[in-house]
Amino acid sequence: MNAHPEGQLSAYLDGALDAAERGQVDTHLAGCIHCRARLADLAATSNLLAELPLLQPRRSLLPRRVPAWLLPARWASSLAAAGFAAVFLATSMSAAVPQSMPGGAPAALQDRATQTSAFSATASPGQDAKEELAGARQSERATPVPRGAAPPESVEALRYAEGRQPFPNWLWLAGAIAAGGVALGLERTIRRSRA
Amino acid sequence: MREEHELADRLARGDESAFEALARSLERALYSHACRLLRDETQAEDAVQDALLLAYRGRSTFRGGSFKAWVFRILTNRCLDLIREARRRPTVPLDPPVEEESDDAAMQWADPAPDIETLVIGHEMVRLIEEALAAVPAEQRAAVMLRDMQGFDYEEIARITNSELGTVKSRIHRGRLAVRNYLVARGWRAGNPPGTGGVKAST
């Protein structure tokens, strides 16, 4: 008797043997109960696997298309944010520059860097600390941020700064933040649609 | 099947609306395949989403024929890549080795366990088969699933997995054998009366 063609049995079951091979296995099976049992096992296993249920994903996995208006809208809001920010910076710097203000230009350029330190330092306003931060505070006064007791000499600077601008400076910053927020939100929506 | 064929023809001729219908009809089959390959729901969702996105972006390269085979190829490759990647990382491997070509033991037929327990049918049987599948090496598991669960023929599977026909034959056989041995070791008998040897999927 030939060796058992066990390795061929799956292909035999699936009709993947050529005519000659199939004939050989047929002949062998006719006289081999061992291989017939093996074949039955394979067939039953195959059927069991076919019975496994279809699984359901928790969400849709189809690629979602991005609505046509999203991309230009994101572009426009990004530009607006950049534009507002630029105007805000420009008006901040020009407002801080005026000659009559002591420690004018350099202090204005350090505006951002010193602002936070000025805020935290004023929690305990010792006289020395006040004098040290006078330069920084002067530039702060250029943008009308509401503060505690305003030293008298900077009130004039405040009026001077406000007089130069027809439009409250902080509105540009607010606009930049708002437009930036819109752009970020749109970006996230686009990412979610694509990814 | 015919409907899929018509949709595939339309897609090959440039009708993009056919893509969504085709993708929708295959979504669950793709997800089931990925789940059982990757053994992780979240990874499976991501893999299917990636595959469908790749398919969508490359839809102009689909020239007709079986859209299902075309998409399953993208998905199976993605899943096997992920499995191989995970294996290279120095973490505890959750998956058995990818290939055991040189292992003769894989061709052995296990003898039945001496203590035969009566298996509970239905839910329990499904769980057992899933366990059995999980124990099969990834490439064999992919081949068996493509054959027994998706109904692809050997040539299609060879194209889907970029392998030779002989390799496909060997993997399907070893994979089925591995599942069979796992079940037999837990008391299953192929010759059981109807109702205990198989499970009608209700989902």
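How many aromatic pairs are there over all chains? The count comes to 7. The model shown here is predicted, and the legends below walk through a few of its close-up views, beginning with the rings.

**View 1. Phe19(B) and Tyr56(B) form an edge-to-face ring pair.** A pair of aromatic rings is described by the distance of the centres and the angle of the planes. Here the ring centres of Phe19(B) and Tyr56(B) lie 5.2 Å apart and the planes stand at 70 degrees, so the pair counts as edge-to-face. Phe19(B) belongs to helix α2 (residues 17-38) of chain B and Tyr56(B) to helix α3 (residues 41-57) of chain B, so the pair ties together parts that are 37 residues apart in sequence. Phe19(B) is buried, at a relative accessible area of 3%. Tyr56(B) also counts as buried, with 17% relative accessibility.

**View 2. Phe67(B) and Trp70(B) make a tilted aromatic pair.** Look for two rings whose centres are 5.6 Å apart, with 45 degrees between their planes. Both residues sit in helix α4 (residues 67-88) of chain B, 3 residues apart, or about one turn of the helix. With 0% relative accessibility, Phe67(B) counts as buried. Stepping back, you can follow ring pairs through a cluster made of Phe19(B), Tyr56(B), Phe62(B), Phe67(B) and Trp70(B).

**View 3. Two arginines of chain B lie over tyrosine rings.** Tyr56(B), already met in the ring cluster, has Arg59(B) over its face, at 4.0 Å from the ring centre. Elsewhere, the charged end of Arg186(B) sits over the ring of Tyr182(B), 3.5 Å from the centre of that ring.

**View 4. Glu131(B) and Arg127(B) join in a salt bridge within a helix.** Side chains of opposite charge can pair when their charged atoms come close. In this view, the N to O distance between Glu131(B) and Arg127(B) is 2.2 Å. Why are the two about one helical turn apart? Because they are 4 residues apart in helix α5 (residues 123-134) of chain B. Glu131(B) is partly exposed, at 30% relative accessibility, and Arg127(B) is partly exposed too, with a relative accessible area of 38%.

**View 5. A salt bridge connects Arg171(B) with Glu139(B).** The closest N and O atoms of this pair are 2.7 Å apart. Distant parts of the chain are linked here: Arg171(B) comes from helix α8 (residues 165-184) of chain B and Glu139(B) from helix α6 (residues 138-149) of chain B, 32 residues apart. Are these two residues buried or exposed? Arg171(B) counts as buried, at 11% relative accessibility. Glu139(B) is buried as well, with a relative accessible area of 12%.

**View 6. Arg89(B) and Glu85(B) meet in a salt bridge.** From N to O, the distance between these side chains is 4.0 Å. Arg89(B) counts as partly exposed, at 47% relative accessibility, and Glu85(B) is partly exposed, with a relative accessible area of 38%.

**View 7. A network of salt bridges includes residues of chains A and B.** Its members are Arg58(A) and Arg59(A), together with Glu41(B), Glu45(B) and Asp46(B). For the wider picture, a search of the whole structure finds 20 salt bridges over all chains.

**View 8. Cys35(A) and Cys79(B) are cysteines without a bonded partner.** A disulfide is a covalent bond between the sulfur atoms of two cysteines. How many disulfides does a search of the whole structure find? The search finds 0 over all chains. For Cys35(A), the closest cysteine sulfur is in Cys32(A), 3.8 Å away, which is too far for a bond. Cys35(A) is buried, with a relative accessible area of 0%. For Cys79(B), the closest cysteine sulfur belongs to Cys35(B) and is 9.4 Å away, again too far for a bond. Cys79(B) counts as buried, at 0% relative accessibility.

**View 9. Chain A contains 10 helices and 0 strands.** Chain A has 195 residues, of which 33% count as buried. Among its contacts between residues at least 6 apart in sequence, 66% join residues at least 24 apart. Chain A exposes about 11,600 Å², and carbon and sulfur atoms supply 62% of that area.

Technical notes
Residues numbered from 1 in each chain as written. Chains lettered and ligands numbered in written order. Predicted model: local features only at pLDDT ≥ 70, side-chain atom pairs only at ≥ 80, totals over all residues. Heavy atoms only, no water. Buried < 20%, exposed > 50% of the residue type's maximum accessible area, 1.4 Å probe, protein only. Contact = heavy atoms within 4.5 Å. Areas by Shrake-Rupley, 256 points an atom, 1.4 Å probe, with all protein chains shown as cover. Phe/Tyr/Trp six-rings, centres within 6.5 Å; stacked < 30°, edge-to-face > 60°. Lys NZ or Arg CZ within 6 Å of the ring centre and 35° of its normal. Disulfide = S-S within 2.5 Å.
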